[in-house]
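Colleague: I would like to learn how to read the features of a model, from the chains down to single residues. Please give the general idea each time, then the case at hand.

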There are 2 protein chains.
Amino acid sequence: MTAYDQLMAYQRETSALAQIAGRLGWDQETMMPRGAAQQRAEEMAAIEAVLHARRSDPRVGEWLAAADGAEPVQAAQLREIRRAYDRAVKIPAELATRIARVTSEAQGIWAQARSDEDVAGFLPVLTEVVNLRREEGAALAQGGNVYDALVEDYEPETTGEQIAAIFDAMRPRLVELRAAILDRPLPRGLEGSFDAHKQMQLSQVLALAFGYDLARGRIDKAVHPFSSGSGADVRITTRTNEADPFNCFYSTIHEVGHAAYEQGIDGDYALTPLGRGVSMGVHESQSRIYENQLGRSRAFTGWLFERMRETFGAFGIDDPDSFYAAVNRVQNGYIRTEADEVQYNLHIMLRFDLERALMAGDLQTGDLEAAWNDRFASDFGYAVDKPSNGVLQDVHWSVGLFGYFPTYALGNVYAGCLHGALRTAVPDLDAQLSRGDTSAATGWLKEHVQRHGGLYAPREVIARASGMTPSEEPLLTYLEEKFGALYAL
Amino acid sequence: MTAYDQLMAYQRETSALAQIAGRLGWDQETMMPRGAAQQRAEEMAAIEAVLHARRSDPRVGEWLAAADGAEPVQAAQLREIRRAYDRAVKIPAELATRIARVTSEAQGIWAQARSDEDVAGFLPVLTEVVNLRREEGAALAQGGNVYDALVEDYEPETTGEQIAAIFDAMRPRLVELRAAILDRPLPRGLEGSFDAHKQMQLSQVLALAFGYDLARGRIDKAVHPFSSGSGADVRITTRTNEADPFNCFYSTIHEVGHAAYEQGIDGDYALTPLGRGVSMGVHESQSRIYENQLGRSRAFTGWLFERMRETFGAFGIDDPDSFYAAVNRVQNGYIRTEADEVQYNLHIMLRFDLERALMAGDLQTGDLEAAWNDRFASDFGYAVDKPSNGVLQDVHWSVGLFGYFPTYALGNVYAGCLHGALRTAVPDLDAQLSRGDTSAATGWLKEHVQRHGGLYAPREVIARASGMTPSEEPLLTYLEEKFGALYAL
C-alpha cells in the first residue's frame with residue numbers, strides 16, 4: 001500500500017468513529033433516558049479521546065509527509081486531513097481537556113443564569129471560556145490573528161476581515177429595509193390551534209417534497225432542531241408548537257437543506273474527509289435557500305397553503321397572497337432563532353462584532369452586556385428588556401463556539417449568490433414550486449454544490465456554482481425586492 | 001497511581017466505548033434507516049477494532065502483571081480483565097474486524113432470507129460466519145475444544161460436556177411431560193383482536209410492575225425483543241401481534257428481567273468489568289424467573305387478568321383459572337420464542353446439538369436445514385412447514401452467536417434453583433403477586449443476584465443465592481408440579 005492508501009484506510013476508520021460520535025449526539029437529544037446524562041458524558045468523552053488521539057497520531061504526520069496526491073480529489077483529501085492534523089497537534093492535550101471540562105460546566109451555568117436573568121452569575125465562567133479559547137486561538141494562529149484561527153474551524157480559508165467587509169456592506173441597507181417595513185401595517189397571522197401529530201405528518205410531506213431520502217434518514221422531535229450524520233444515515237429533527245405550525249414546517253425544510261447536502265455528496269467520498277459538507281457557511285447556504293428562497297417564496301407558499309387547508313381546515317387566512325404575507329411577517333423581536341429573513345442577519349452581525357472584539361481583547365466580558373444592549377438599541381430601535389432576551393439568549397458562547405456565529409449570515413450571503421444563478425438556470429422555477437415540485441432546484445443545487453462535499457474550499461464551491469465572487473449584493477437585492485413588494489415600499 | 005488504578009482508569013474508558021457499541025446495536029434494531037446498513041457495518045467494525053485494540057493493548061498485560069488485587073472486589077475486577085485480555089490477545093485483530101463486518105452484513109441478509117423463505121440466499125453468508133467463528137474458536141482453544149472456547153464467551157467456566165450432561169438429564173423427563181400434556185385437551189385461548197397501541201401501554205404497566213426504571217431506560221419495538229446496555233442506560237424492546245397479546249407482555253417481562261439485572265448492579269461497579277451481568281446463563285435466570293416463575297404464576301396471572309379486562313374488555317375468557325390455563329397453554333408450535341416453559345428447553349437442545357456439530361465440523365451448513373427438520377420431527381412429532389418456522393427463525397447464528405443458545409436453558413435451570421430459595425425466603429409471595437406486587441421477589445433477586453454484577457463466577461452466584469449446587473432438579477420438579485396440576489396428569 002502507498003502512504004496515501006494507508007492514510008486513507010486509517011482515515012476511513014476515523015470517519016466511521018466520527019459518525020458514531022455524531023449518532024450518540026443525536027441519541028442524546030432524541031432518545032436517551034433522562035437518567036443517563038452523566039454516563040453519556042463519560043461515553044462521549046471516551047470516544048472524543050479516541051478521535052483526538054487518531055487525528056493527532058504521529059503516523060498521520062508521517063503518511064502526510066510521504067503521500068503523493070496529484071489527482072484533484074487526492075489533493076483535496078490530503079488538504080482536509082492536513083488541516084485537521086495541523087490543528088490537532090498545535091493544541092496541547094492539557095488545554096483541550098481544560099476546554100472540554102470548562103465548557104461542559106459552563107453550559108449548565110449559562111442555562112441557570114438565563115433562567116435566573118443573572119448575567120453576573122454567568123460572567124466568571126464566560127471569562128474563563130473566553131480566555132481558554134483565546135489561548136487555543138493563539139496556539140493555532142502562532143503569531144497570526146486569534147479570531148481568524150478560530151473561524152478556520154467552521155469556515156476554512158475565510159478571515160474575520162473578509163467577513164467584516166461583507167457584513168459592513170450589508171448592515172446599513174438591512175437597517176434601512178427593516179425600518180421601512182416596520183413603518184407599514186403588520187400582515188395578519190394564523191389563527192387557531194394546529195394539532196402536533198398533523199404537523200409532523202405534513203412535515204414529512206414537506207421533507208419528501210424537498211427531496212429528503214427517508215431510506216437514508218429519519219425525522220424525530222427535539223427541543224432544538226438539528227441535522228446529524230453523513231452519507232447513508234442523515235437524520236433530522238424538528239419540533240411542534242400548536243400555536244405556530246410555521247416553526248415546525250420551516251425548521252423541517254431548513255434541516256432538510258442540511259441533510260440534503262450530506263445525502264447529496266458523491267458516494268465515492270463516503271467515510272472520507274470529503275464526504276461531508278465543506279463548511280458551516282456552505283451548509284447554511286443549503287438550509288437557507290431551501291427554507292427561504294424556495295420555501296418562503298410566493299410560488300411554494302401557494303402550494304403549502306393548499307396542503308395546510310387540507311390538513312387543518314380553516315385557520316383565519318383565506319387566500320394565498322395573505323398566506324404568503326403571513327409566512328413572511330416582519331415584526332419586532334429579541335430572539336435570533338425566531339427572526340425573519342430581514343432581521344436575522346442583524347442579529348448575527350451584532351454577535352460577530354462583539355465576539356471578534358472579545359477574542360481581540362478589545363472588549364472585556366464585564367462590558368459585554370452593555371455593548372450588546374447598546375448595539376441592539378442602535379440597530380433595532382428599542383431596548384433589550386431582560387438578559388434572556390439579550391446577551392444570555394444563545395448557548396454558543398457558553399460552549400466556546402467563538403467564530404461560529406458569522407457562518408449563519410455567510411450562509412445567507414452564499415444562498416443569495418446561488419439563488420441568482422439558480423433562477424437563471426431554471427427559468428420556470430416558480431411554475432414548478434407552485435406545484436410543490438422542487439426537483440429542478442434541488443437537483444441544480446445537488447449538481448453544483450452538494451455532490452462536491454469537501455472537494456472545493458467554501459468560497460470556491462460557491463464561486464463555481466454561482467459564477468461570481470461571493471458577494472452580499474444578490475442577497476440584498478433579493479430581500480429588497482421581495483419585501484419591497486410584500487410591504488409596498 | 002498504582003498499576004491497579006491505571007488499569008481501572010483505562011478499563012473505564014474501554015467500558016464506556018463498549019456501551020457505545022451496544023447503543024449502536026440497539027439503534028440498528030430500532031431506529032436505523034434501512035439504507036444505512038452497509039455504512040453501519042463499517043461503523044461497527046471501526047469501534048470493534050478500537051475495543052479489540054484496547055482489550056489486547058500490551059499495557060493491559062503489564063498492568064495485570066503488576067497489579068495487586070487483595071480485596072475481593074479488586075480480585076474479581078482483575079479476574080474479569082484478565083479473562084478478556086487473554087481472549088483478546090489470542091484473536092488476530094484482522095479476524096475480529098472481519099467478524100464484525102461480516103456479521104453486521106449477515107444480519108440484514110438473514111432478515112431478507114427469512115422474509116423470502118430463502119434458505120439458499122442465507123447459506124453463503126452463514127457459511128462465512130461459521131468459518132470465521134470456527135477460526136476464532138480454534139485461535140482461542142489453542143488445541144482444545146473449539147465449541148467450549150466459544151461458550152466461554154457467554155458462560156465462563158462452563159463446557160459443552162457439562163451442559164450436555166444437564167441437558168441429557170432433563171430431556172427424557174421433558175419429553176415425557178410434553179407427551180402427557182399433549183394427550184390432554186387444549187385449554188381455551190384468547191379470542192378477538194388486541195390493539196397494538198394498547199398492548200404497548202399495558203406493556204409499560206407490566207414493566208413498571210416488575211421494577212423497570214424508565215428514567216434509566218426506554219421501551220421500543222423490534223422484530224426480535226432484546227435488552228441492551230448497562231448502568232444508567234438499559235433499554236428494552238418488545239413486539240406486538242394483535243392476535244396474541246401474551247407475546248408482547250411476556251417478551252416485555254422477560255426483557256425487564258434482563259434489564260433489572262443491569263439496573264440492579266451496585267452503582268460502584270458502573271463502567272467497570274463487574275458492572276454488567278456475569279454471564280448469559282445468569283442473565284437468563286433473571287429474565288426467566290421474572291417471565292415464568294413469577295409472571296406466569298397463578299397468583300400474578302390473576303392480577304394480569306384484571307388489567308387485561310380493563311384494557312381490552314371481553315376476550316372470551318371469564319375467570320382467572322381459565323386465564324391461568326390460557327397463559328400456560330402447551331401446544332404444538334415451531335417458534336422458540338413463542339414456546340411454553342415445558343417445550344422451550346427442547347427447542348434449545350435442538351440448537352445446541354446442531355451448533356455444536358457445526359463448530360466441530362461434523363455438520364455442514366448445506367446440511368443444516370435437513371438436520372434441523374429431522375431433529376424437529378423427531379422431538380416434536382411433526383414436520384417444519386417453512387424455513388421461517390425452522391432454521392431461519394432465529395437471528396443468533398447470522399450474527400455469529402455460536403455457544404450462546406445453551407445459556408437460555410441453563411438460565412431456566414438456574415431460575416429453578418433461585419425460585420426454590422425465593423419461595424422459602426418470601427413465604428407469602430403468592431399473596432403479593434396476586435396484588436401485582438413483585439417488590440419482595442425482585443428485591444430478593446436484586447439483593448442475592450443482581451447487585452453483585454460480575455463479582456462472583458456464574459455457578460458461584462447461583463450457589464450463594466440458592467444455597468445449593470446448581471442442578472436441573474428444582475426446575476424439573478417445578479414444571480412437573482405446575483403442569484401436572486394444570487393438566488390433571
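Modeller: We start with the ground rules, then take the two chains, and then a few residues. This is a predicted model, in which local features need pLDDT of at least 70 and side-chain atom pairs count only at pLDDT 80 or more, while totals for chains, interfaces and linings use all residues. Residues are numbered from 1 along each chain as its sequence is written, chains are lettered from A and ligands numbered from 1 in the order in which they are written, and side-chain values use heavy atoms, with hydrogens and water left out.

Colleague: By what turn and shift can chain B be laid on chain A?

Modeller: Copies are superposed by least squares on the C-alpha atoms of residues with pLDDT of at least 70 in both. Here a turn of 174 degrees and a shift of 0.8 Å along the axis lay chain B on chain A with an RMSD of 1.4 Å. The two copies are therefore related as by a two-fold rotation axis. In chain B, B:Ile20 has the C-alpha nearest the axis, 4.1 Å from it. Both copies use the same surface, as 100% of the contact residues of chain B recur in chain A (contact means heavy atoms within 4.5 Å).

Colleague: How many helices and strands does chain A have, and how is its compactness judged?

Modeller: Helices (H or I, at least four residues) and strands (E, at least two) are DSSP runs, numbered from the N terminus. Chain A has 20 helices and 3 strands. The radius of gyration is taken over C-alpha atoms, and the globule rule is 2.2 Å times the number of residues to the power 0.38. For the 489 residues of chain A the rule gives 23 Å and the model has 22 Å, so the chain is as compact as a globular protein of that length. Its C-alpha trace spans about 65 × 50 × 50 Å along the principal axes.

Colleague: What share of chain A is buried, and what share of its contacts is between residues at least 24 apart?

Modeller: Buried means under 20% relative accessible area, exposed over 50%, partly exposed in between (1.4 Å probe, protein chains only). In chain A, 58% of the 489 residues are buried. Of the contacts in chain A between residues at least 6 apart in sequence, 74% join residues at least 24 apart.

Colleague: Where is B:Thr238 placed, and is it buried or exposed?

Modeller: B:Thr238 is in strand 3 (residues 235–238) of chain B. Its relative accessibility is 1%, so B:Thr238 counts as buried. Leaving out residues up to four places away in sequence, B:Thr238 touches ten listed residues' worth of surroundings, among them B:Met200, B:Asp220 and B:Cys248.Colleague: Which residues does A:Asp220 touch?

Modeller: A:Asp220 lies in strand 1 (residues 219–221) of chain A, and at 11% relative accessibility A:Asp220 counts as buried. Beyond four places in sequence, A:Asp220 touches A:Trp26, A:Thr30, A:Met31, A:Met200, A:Ile236, A:Thr237 and A:Thr238.

Colleague: Which residues does B:Ile166 touch?

Modeller: B:Ile166 is in helix 8 (residues 160–182) of chain B and is buried, with a relative accessible area of 14%. Not counting residues up to four places away in sequence, B:Ile166 touches B:Leu410, B:Val413 and B:Glu472. B:Ile166 and B:Val413 are 247 residues apart along the chain, with 8.9 Å between their C-alpha atoms.
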